[in-house]
Amino acid sequence: MTSSYKFVLLASLYLAQGLPFGFFTQALPVLLRERGLSLAAIGASGLLFLPWGLKFLWAPLVDHTGSRKTWILTLQLMTLAGALVLSQANLETSLLPIFAALLLFNLLAATQDVATDGLAVRLLGPAERGLGNGIQVGAYRIGMILGGGALLWLFAQAGWSAMFLGMAGILLLTCVPVLFLRADTLPAGSARVRHEGGIALLMGWGRRLRRPGVIGFIALICAYKFGDAMASSLVGPFMHDVGLSKTEIAWVKGTIGSVMGLSGAALGGWLAWRMGRRSALIGCGVMQTASLLLYVACALQPEAKTLLYVATTAEHLFGGMATVALFTLMMDASDPEHAGTDYTLLACAVVLASGLAGVAAGVLGDTLGYAAAYGLSFFASGLGCLLLVARLDLGSGPRRLDAVWPRPAA
């Protein structure tokens with residue numbers, strides 16, 4: 001399998017995941033705010049993303065049964081069918097269908113992510129992981145921005161039906177590279193796992209979680225992204241509240257966000273490859289944290305639209321860089337023989353922490369205002385970066401990280 005095909009395949013798969021996720025996390029909060037929902041209620045809707053936090057429960061089943069091609073293609077086609085159904089539904093009178101779709105889409109995409117992440121860990125060697133994770137995060141962010149920007153613009157122009165038809169069309173295109181993927185064999189050493197039986201297989205995540213250093217490592221990677229997730233969850237409602245139209249929001253999140261998200265992913269991948277994991281995580285974490293101060297300034301000067309554009313640009317750029325650096329480290333910590341399960345455990349933890357961050361940010365925004373909420377997100381981001389680097393320097397985390405995390409001289 002050529003490197004170019006690997007990267008095209010992974011780009012299409014992660015874009016397919018990011019598209020509906022972007023709509024439901026970026027565009028939908030704007031539409032809910034337009035209908036009068038409180039920030040706390042919008043934040044609570046994040047609980048419908050629970051499949052992303054629970055996918056570790058069925059990750060061993062996906063990891064060690066069937067072929068990844070079958071899993072991925074089936075789930076992508078089911079998501080496409082869901083978009084077509086929504087294009088014909090009446091969403092003007094009730095939000096119930098959209099919330100039901102939100103839960104279903106998250107279940108399908110989260111399951112596909114297990115198969116895709118396992119495929120990525122096994123396809124990419126250590127030297128390819130920086131670039132591979134740059135493509136992973138860049139494609140995912142572009143998918144999110146298309147879902148949260150382009151689809152929101154399409155909704156503003158033509159309504160619900162055209163928007164979901166547009167989503168279905170993009171999802172169809174992302175299926176094409178999967179057709180050329182060979183039906184891969186099960187991971188090496190997995191035959192023993194298969195013969196343990198269904199219950200033992202489903203509980204395989206528990207054994208992976210009990211490995212030395214894993215629980216502490218999970219806490220550290222969650223802390224690293226918590227503050228950024230707090231700030232990011234407030235951006236859509238904040239833009240609405242300061243008077244930006246849906247078209248303006250689509251422009252900021254779409255055009256500007258896509259360019260900066262892709263640039264951040266590329267830079268983060270290059271830094272992880274060129275400078276090493278430690279330097280990349282420190283540099284990207286500091287820049288991610290500093291960028292959140294711009295949102296504090298925006299909240300204190302809500303009439304300054306140019307400042308908001310600058311803040312959004314910085315958040316997409318530096319947030320993308322930090323995410324790639326973190327995901328590369330998570331891939332380093334995953335055992336290729338249990339690739340989907342290990343990476344999924346780590347990714348689930350980050351998603352659950354991000355969901356809690358969104359709820360916390362919504363409550364803080366309602367009670368203390370945007371400025372205070374953004375200020376607390378800045379401090380949380382800085383503290384998380386410091387904790388991750390300091391603890392890994394002291395030897396925390398799975399032993400697989402020893403090969404990529406040099407210990408500073410005493």
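Helix 1 and helix 8 are roughly antiparallel to each other, and this pair is a suitable place to begin the tour. The model is predicted.

**First stop: helix 1 and helix 8**

Select residues 3–34, which form helix 1, and then residues 160–174, which form helix 8. The axes of these two helices come within 8 Å and cross at roughly 160°. Because angles over 145 degrees count as roughly antiparallel, helix 1 and helix 8 are described in that way. The crossing of this pair is right-handed.

**Second stop: helix 1 and helix 6**

Keep helix 1 selected and add helix 6, residues 96–123. Here the packing angle is about 155°, and the two axes lie 10 Å apart. Helix 1 is therefore roughly antiparallel to helix 6. Which hand does the crossing of helix 1 and helix 6 have? Helix 1 passes helix 6 in a left-handed crossing. Colouring the contact between helix 1 and helix 6 by residue class will show 20 nonpolar, four polar and three charged residues.

Now hide helix 1 and consider helix 6 alone. From its first C-alpha to its last, helix 6 reaches 40 Å over 28 residues, close to the 40 Å expected at 1.5 Å a residue. Helix 6 is mostly covered, with 20 of its 28 residues buried.

**Third stop: helix 1 and helix 12**

Bring helix 1 back and select residues 214–241, which form helix 12. Helix 1 and helix 12 pack at an angle of about 40°, with their axes 9 Å apart. That angle makes helix 1 oblique to helix 12. Helix 1 passes helix 12 in a right-handed crossing.

**Fourth stop: from helix 6 into the loop**

Return to helix 6 and proceed to leucine 124, in the loop between helix 6 and helix 7. Is leucine 124 buried or exposed? With a relative accessible area of 3%, leucine 124 is buried. Next select proline 336, which is 212 residues from leucine 124 in sequence. Drawn from C-alpha to C-alpha, the distance between leucine 124 and proline 336 is 10.0 Å.

**Fifth stop: glycine 134 in helix 7**

Select residues 129–158 to display helix 7, in which glycine 134 has its place. Glycine 134 has a relative accessible area of 10% and is therefore buried. For a distance across the model, add leucine 80, which is 54 residues from glycine 134 along the chain. The C-alpha atoms of glycine 134 and leucine 80 are separated by 26 Å.

**Sixth stop: threonine 255 in helix 13**

Move to helix 13, residues 246–274, and pick out threonine 255 within it. Why does threonine 255 count as partly exposed? The reason is its relative accessibility of 38%, since partly exposed residues fall between the 20% limit for buried and the 50% limit for exposed. Then select glycine 138, which is 117 residues from threonine 255 along the chain. The C-alpha atoms of threonine 255 and glycine 138 are separated by 14 Å.

**Seventh stop: helix 15**

Select residues 305–332 to show helix 15. Helix 15 has 28 residues and reaches 41 Å from its first C-alpha to its last, close to the 40 Å expected at 1.5 Å a residue. Helix 15 is mostly covered: 21 of its 28 residues are buried.

**Eighth stop: cysteine 348 in helix 16**

Continue to helix 16, residues 339–368, and select cysteine 348 there. Cysteine 348 is buried, with a relative accessible area of 1%. Add tryptophan 205, which is 143 residues from cysteine 348 in sequence. From C-alpha to C-alpha, cysteine 348 and tryptophan 205 are 12 Å apart in space.

**Final view: the whole protein**

Clear the selections and display the entire chain. How many helices and strands are there in the protein? There are 17 helices and zero strands. Buried residues account for 55% of the 410 residues. Taken along the principal axes, the C-alpha atoms fill a box of roughly 60 × 55 × 35 Å. The radius of gyration of the protein is 20 Å, which agrees with the value near 22 Å that a compact globule of 410 residues would have.

Definitions and conventions:
Residues numbered from 1 in each chain as written. Predicted model: local features only at pLDDT ≥ 70, side-chain atom pairs only at ≥ 80, totals over all residues. Heavy atoms only, no water. Helix = DSSP H or I, 4+ residues; strand = E, 2+ residues; numbered from the N terminus. Expected span 1.5 Å × (residues − 1). Buried < 20%, exposed > 50% of the residue type's maximum accessible area, 1.4 Å probe, protein only. Axes fitted to C-alpha atoms, helices over the stretch in contact; angles between N-to-C directions. Parallel < 35°, antiparallel > 145°, perpendicular 65-115°, else oblique. Left-handed = near helix turned anticlockwise from the far one by under 90°. Nonpolar A, V, L, I, M, F, W, Y, C, P; charged D, E, K, R; others polar. Rg over C-alpha atoms; globule rule 2.2 N^0.38 Å.
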